[in-house]
Amino acid sequence: MTSPQLASSLAKFAEMEGRHPRLLLATASSVEEKHHKHVATLFADGGFDVDVAPRHSDAQSIAMQVIDCDADILLLIRTSMTAEDRVSVADLISALDALDAEYVKVGIVGHADDPAAGNVDFVCDLEHLQTSDCEALIDYILAVEETRVAQHI
């Protein structure tokens, strides 16, 4: 069930962009793949168009998929601090920069104390992930989009 606040924010985004906000969901390692369905469903139910990066994708292929699917957000599931990351946050950001996609907002679904938190735009705590996170994320994206639009007027 979408809250009135979220529905209003989604409508405002759709008016500005002509579509729903789009995110690409990827995982840092195979440990996180078990969370794919939960996270994708939550954001899809929250009004996002959700694309999922194929398993075992590297940073360059994920960045290219972000461009191909015209994503506004790249969401990396990164729950294990001990697993060997197949995809690091730094590599993802570098790959996006190389494709001139610095406008894409990068976030982590994991733990608030993730050491990479300072390098991304936002962190969603997996243990407390709920629809209100969708609301906050839409509000954040709207603020960014309104600023971008105002700069071009």
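**Close-up views of a predicted model**

**View 1. The open sheet and the order of its strands.** An open sheet of 5 strands, paired in parallel, runs in the order β2-β1-β3-β4-β5. At its edges lie β2 and β5 (122–125), each of which pairs on one side only. Averaged over the sheet and with direction ignored, neighbouring strands are turned by 25 degrees against each other. The model shown here and in the other views is a predicted one.

**View 2. The pairing of β4 with β5.** The strands β4 and β5 run parallel and are joined by 4 bridges. Which residue of β5 is the bridge partner of Ile108? The partner is Val123.

**View 3. Two helices that pack on the sheet.** Helix α2, made of residues 36–45, packs on the sheet and touches β1 (22–27), β2, β3 (73–78), β4 and β5, while its direction makes about 170 degrees with that of β1. Helix α3 also packs on the sheet, where it touches β1, β2 and β3, and its direction makes about 165 degrees with that of β1.

**View 4. Helix α1, its length and its two sides.** Helix α1 covers residues 4–17, and because each residue should add 1.5 Å, its 14 residues are expected to span 20 Å, which agrees with the 20 Å that separates its end C-alpha atoms. Which residues of α1 are buried? They are Leu6, Ser9, Leu10 and Phe13. These residues cover an arc of only 100 degrees around the axis, and therefore they lie on the same side of α1. On the other side of the helix, Pro4 and Glu15 are exposed. Just after α1 comes Gly18, which takes a positive phi of about 80 degrees.

**View 5. Two loop residues with a positive phi.** Most residues other than glycine have a negative phi. His56, which is not a glycine, nevertheless has a positive phi, near 65 degrees, and its place is in the loop between β2 (49–52) and α3 (59–68). Is His56 buried or exposed? With a relative accessible area of 56%, His56 counts as exposed, because that term applies to values over 50%. Asp100 is likewise not a glycine, and its phi is positive at about 55 degrees; this residue is found in the loop between α4 (89–98) and β4 (105–110). The relative accessible area of Asp100 is 57%, so Asp100 is exposed.

Definitions and conventions. Residues numbered from 1 in each chain as written. Predicted model: local features only at pLDDT ≥ 70, side-chain atom pairs only at ≥ 80, totals over all residues. Heavy atoms only, no water. Expected span 1.5 Å × (residues − 1). Buried < 20%, exposed > 50% of the residue type's maximum accessible area, 1.4 Å probe, protein only. Arc of directions from axis to C-beta. Pairing = 2+ DSSP bridges. Axes fitted to C-alpha atoms, helices over the stretch in contact; angles between N-to-C directions. Contact = heavy atoms within 4.5 Å.
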